[in-house]
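The following exercises are meant for a reader who is meeting this structure for the first time. Please look over the sequence and the model before working through the solutions.

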Amino acid sequence: MVAESLAWAIFLMPLLSFLLISLVIRPFLNRIPQLSGYLLIAALVVALVLSVLVLVRSNEGADLAFPAHTWLDLGDAAIQIGLLLDPVTCIMVVVVTGVSLLVQIYSLGYMKDDPGISRYFAYMSLFTASMLGLVLSANIVQLYAFWELVGLSSYLLIGFWHDRPSAAAAAKKAFIITRIGDVGFLLAIIYLFYHGPQFAAQGLNPLHIPDIWQAAQPLATGGAVLGGTALTLVCLGIFAGAAGKSGQFPLHSWLPDAMEGPTPVSALIHAATMVAAGVFLVARFFPLFQEARDAMMVVALVGGFTAFAAATLGLVMDDIKRVMAYSTISQLGYMMAALGLGAFGPALFHLFTHAFFKALLFLGAGSVNHAAGTFNMRYMGGLRRQMPWTYALLLVGGLSLVGIVPLAGFWSKDEIITAAWLGEGPVDPRVALAVFVLLVAAALLTAFYTFRMIFLTFHGDFRGGGARELQDAEAEGIPAPTAVTDEVHLAESPRVMVAPMLVLAIAAALAGYLANPQWVKELLGIPGHWFSYYVESALTYGHAETAPFNWPVAVISTVVALAGIGLAWLVYAQRRPSADTGEVLETARSPETDETQGSADETAHGHEHAALAPLRSEPLAKAGPVHTLLYRKYFIDELYEGLVVKHVFYRYFAGLTDWLDRNLVDGIVDLSAWLTRQIGRLVAQLQTGQVQFYGAVIVMGAVLILVGYLAFGAGIGE
Amino acid sequence: MTFPGLLTLTVFLPALAALAILVFVRGDRMVRGFALAVGLADLLLSVAVFLALDRGEGAARFQLVDRITWISAETLNASYFLGVDGLSAPMVLLTGLLGFCAIIASWSIRERVREYFIWLLLLQKAVMGVFTSLDFLLFFLFWELELLPMYMLIANWGTGRKTYSAMKFLIFTILGSAFMLVAIVAVAASQAAVSFDMTLLLEPGSMLNGASAALPLSLLFWLFFAAFAVKLPTWPVHTWLPDAHTDAPTAASVMLAGVMLKMGGYGLLRVNVGMFPGEVTAFAWLLILLGVISVLYGAVVTIRQTDLKRLIAYSSVSHMGLVLVGIGSVGAAAGQVTGAGLNGAALQLFTHGTITGLLFVGVGLIYEKAHTRYIPDLGGLAARMPVAAAALAIAGFASLGLPGLSGFVSEILVFFGAFRAFPIMTILSVLGIILAAGYILWMLERSLFGPQRERFADLTDASPLEAVPLALLVASIILVGIYPAFLTEVFDTAITRMVDVINVQATGLAGVR
Amino acid sequence: MSLESMLIVAAILFAIGLYGALARSNVIAVLMSIEIMFNAVNLTVVAFARYVAPLALREEIGSVLTGQVFAIFVITVAAAEIALGLGIVFAMYRNTESVTLTEASQLRH
């Protein structure tokens, strides 16, 4: 038995750290650098130990159900707060505290010289606390509250360098786009509350998550408390929230921009934990989704489509973090697709492994940035000689992402593709087949863009880094790109940064064995298939079973992945920079890329970079319009921001309303005031000041009354 | 006749202080210090009133009653009658809190300081009186009394087109209260024993029923509504608010948005919901329609604003629309009305008061130091004024309904309640929170973030005294956000009775039919 | 002498006074015209008192002088009014050196 207070302490430790940093350290002890970081790390160590303890106790079958506490009680509108420590939560708390701990250690090095380091760790504490609160919530309103709070922390951390306009804009964009999804989630909550009387008739609470699960299940006497269209609507609302947070199409466009935040933030929030909250949310309400097949189909198709579309965008990005961001969206699409196909265990397993390898990849990108001073891969190259550790660790992460045996990503991704292949879930087999095709295609693209990234960054020769990028920008007269410095010092990152990456790499390599391999029956006391069995035991209602290892699928996905790597090698590693002369550059340059790529003028700078390899043109640019389409992200940003928000909404709709408000609504007010004044002015004309005129008017009035009386008033007074 | 005196002291302390400033206190510094001490004392008194309210089961509805017969002519039973219940006690607390903050926010006033503080204190007294009086005649007196100080504050210490705005405010409100005066006279004349006692009308099966009314009940309902709608304000009688806010000095904006708009909401809940249970259920669809229009229209217009104060003023129109949406929850099926929506509406009054108060205090600080409120001219202030920026950001997030801050609680209660009655309307009003995120974040991005500007290089952050109202309001916003029960359990004691009256009325009518 | 003839004389007097009050521009003349109207009213009041007062009442208390008393009141008030009026005229003449009524419209503003 674990005391309830211990479970609460997991959430309270980072919260305490947040309060201490923001109320004590930042105002009074700001001169001691990194104190806040050490405080948060200490808090997270405690939280991690408690989380592992809870996980172990939960795995042993301990009863971790605690009664809820009343937060707000207004007759029927009673909102409670409580802990829901089911296996999904137990896994999530370990992932969140673990990855957060590693990222904070890394941040000690990465953020060492930043003047806002206390603020940074305060926000990070707030984020970790909110994320833990989110996964621990037993009440849907409580869940929503923390859901919004992680959104807030994400906003604060994306905009951490708030004096960069692009960072401030990206933070705003992230918050607003996720909020569009959150409205769906909120409406689902309101709709659940609306059904309160039906819930109450069965002795259920419409806001208590286990009660909601139960309400979706068919009753012995007939239909469910919550069934049919109502259930589908609730599920779609919840999925809207999840899609916003997890960057699923069409609410994905904030996530690449979110890379404006510090790299450890991207690793923790926009790769490992917060963006996975959407997947967690759908998993949390999986018993509902299972009963709503239409909603499941939507989840599967959106997930599959996102997995593929985001991967295509990852092919052409220059910014290493943006490649990873699209990769994250794509991998989250895999998880969503898995949930939609009914593959509950595989989705969470992929969430679990993805947290490690994607955090590793981001931290690696940060390490590269530390050396090269830029995130633009066109100005990198050849870093493997100076940064052997980073290279090796990134290679592990990349292979795990691509899904190469025997790294963790292989096992989890394979389970998802198997589920799509078998199509035994609740959705139509044709849908499952479509999702299967999308996912396999996405796997090919994943392998390609991952190794494009690795080849561009680590292979070939160094192409000048941030210093050269700034020079080129100056030469072309475009404003200097943000987040680029001219401090290029090609060397391995400090140990405090490499060590967390090493731990993550070990996890990314070995986490797969927690799950499925048939031939590992017992490892460190962990039985084979442990993860799936354990996670699926969370489903008190409904049922999900992970399909066994499937050889044909494994072969297909491995072949596809290797093909992708091979293609990337052919395109990017094959051509030696020395053979890559100016002529090649000229021929490779298509009209579109001149604008979009902003290719550097080699001849002008050739002598300055005599020691450096020339910039390479993008081989994919030969694809012309297709490349432009991808490079401009299918023009979705232009559609959303340029057309819908800026023009249709802001300029025309809001402008018209504002104009009407000033001229029509307020105009009527001013008009009535003006009319009153005019009438007054007119009547004032009668006020001549001539006493005799007044007298004459009085007399005329008297005569009129008299005449009127004589003519018509015969009967008056009788 | 009872007279414990606590409420009388709370209401009249600011007036006495104003008199004292007029007669005794000399010197600007002395006046300021004296006003500050009085503001603090009144804050403590209002806290005492809030705490003294017995929330237990079976406690009398109106407590701390001060009652003296005033005019006992047979035809005009008016009395000096103060008292608080669960609905008004938090409002008294809000007034005390914001009054104190407004006094500190007036620290930089340099012209005619004595006069300024006299008006400010009189204003506080009038608003306190509105929230505590239980006699219609007294209610009306306080209601009108508040106009003069506010007119003077805007017209004399304002900026921009200040006399225009002050006059607009005055005319709008007087027009509304003219309707209310007619209604009050008609109500008083309606009963067997002519009286202005409000408490009699709040009981189920009150004397105010169709048979004994001097005017049709629905007409009385709309006459009262006209006065409160102007004050709230709701679309389409909101246009005085942006002008008045924009041109008012900081403290007047704080009082205007923080407590005076709440008089409208309070009146709606006290009179329109409390005394006209039949009419409010019958017209609930119209109330919620006006509410939804206010929410969306206000939000859309807010997005276009470039003046910080004007932006907040329009956002107030949007947020006060939620009060009407919450009141619309009484349109649920007969006998099925629950307290969630009304509690949300009442809580929205309090939360919006603190949030907007904080927004105006923060914007006032920025305007005072940066000398501009034009958003495109601002930017990069977060680095120069971290305390003020943090307070403004917290207020902004509370305003857009972030959980953990107070705005969320009232919003979700409003939505919970209203959805039972009018689902489509409620969904439309929920969309307002996306727009709220849009304009609040746009405002924060453009004014606080972005590159630092040369001409703001020597801006100073809030001084310790200036930080006091920021800290107080931030603390109250967070407290209500994390532990709303301390307010809602008070509101609920009054709301429960209103809901009972409505349900009894509805089922009674159904029985007759 | 019948009541009618008395009333006709009073009406003619009143009309003459009214015309003078409205049409003459000299303030003195206007004041005189107003006096004429007063006297027309006095004549009416006395005439009604003489002819219309109830007979029964007269038999009981001898004679009824209500109308005459009214007339005396009016004469007194008229005298006071003339005094006041002439005072204003003097003040006006001192300021503007004119007694023309059309020029006296300062109070309009």
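From the N terminus on, the elements of chain C follow the order α-α-α-α, and the model in which they appear is a predicted one.

**Exercise 1.** Describe the secondary structure and burial of chain C, and then do likewise for chain A.

Solution. Begin with chain C, whose secondary structure comes to 4 helices and 0 strands. Turning to burial, 13% of the 109 residues of chain C count as buried. Among the contacts in chain C between residues at least 6 apart in sequence, 52% join residues that are at least 24 apart.
Now take chain A, for which the secondary structure comes to 29 helices and 4 strands. Of the 718 residues in chain A, buried residues make up 55%, and of the contacts in chain A with a separation of 6 or more, 79% are between residues 24 or more positions apart.

**Exercise 2.** Work out which pairs of chains are in contact, and which pair shares the most contacts.

Solution. There are 2 pairs of chains in contact, and of these it is chains A and B that share the most contacts. In that pair, 38 residues of chain A are in contact with 43 residues of chain B. On the side of chain A that touches chain B, at least two residues each come from strand 1, helix 5 (140-158), helix 6 (165-194) and helix 28 of chain A, and helix 6 of chain A gives the most, with 14 residues. By class, this side of chain A divides into 25 nonpolar, 5 polar and 8 charged residues.
The next step concerns chains A and C, whose contact takes 9 residues from chain A and 8 residues from chain C. The side of chain A that touches chain C has 3 nonpolar and 6 polar residues, and no charged ones.
Finally, no contact joins chain B and chain C, and their closest C-alpha atoms lie 23 Å apart.

**Exercise 3.** Decide how strand 1 and strand 2 of chain A run with respect to each other, parallel or antiparallel, and describe the turn between them.

Solution. Strand 1 (residues 69-74) of chain A is joined by 5 bridges to strand 2 (residues 77-81) of chain A, and the two run antiparallel. Within this pairing, A:His69 stands opposite A:Ile81 in strand 2 of chain A. The two strands form a hairpin with 2 residues between them, and A:Gly75 in the turn has a positive phi of about 65°.

**Exercise 4.** Find how helix 9 and helix 12 of chain A are oriented to each other, and which residues make the contact.

Solution. The axes of helix 9 (residues 228-245) and helix 12 (residues 277-284) of chain A come within 7 Å and cross at roughly 160°. Angles over 145 degrees count as roughly antiparallel, and therefore these two helices of chain A are roughly antiparallel to each other. Their crossing is left-handed. Helix 9 of chain A makes the contact through residues including A:Ile238, A:Phe239 and A:Lys245, while helix 12 of chain A contributes, among others, A:Val279, A:Leu281 and A:Val282. By class, the contact has 8 nonpolar, 2 polar and 1 charged residues.

**Exercise 5.** Locate A:Leu660 and explain why A:Leu660 counts as partly exposed.

Solution. A:Leu660 lies in helix 28 (residues 636-684) of chain A. A residue needs 20 or more neighbours to be buried and 12 or fewer to be exposed; because A:Leu660 has 14 C-beta neighbours inside 10 Å, A:Leu660 counts as partly exposed. The C-alpha atom of A:Leu660 is separated by 47 Å from that of A:Phe693, which is 33 residues apart from A:Leu660 along the chain.

Conventions:
Residues are numbered from 1 along each chain as its sequence is written. Chains are lettered from A and ligands numbered from 1 in the order in which they are written. This is a predicted model: local features need pLDDT of at least 70, side-chain atom pairs count only at pLDDT 80 or more; totals for chains, interfaces and linings use all residues. Two residues are in contact if their C-beta atoms, placed from the backbone, lie within 7 Å. Ala, Val, Leu, Ile, Met, Phe, Trp, Tyr, Cys and Pro count as nonpolar, Asp, Glu, Lys and Arg as charged, and the others, Gly among them, as polar. Two strands pair if DSSP finds at least two bridges between them. Axes are lines fitted to C-alpha atoms, for helices over the stretch in contact, and angles run from 0 to 180 degrees between N-to-C directions. Angles under 35 degrees count as roughly parallel, over 145 as roughly antiparallel, 65 to 115 as roughly perpendicular and the rest as oblique. A crossing is left-handed if the near helix is turned anticlockwise from the far one by less than a right angle, and right-handed if clockwise.
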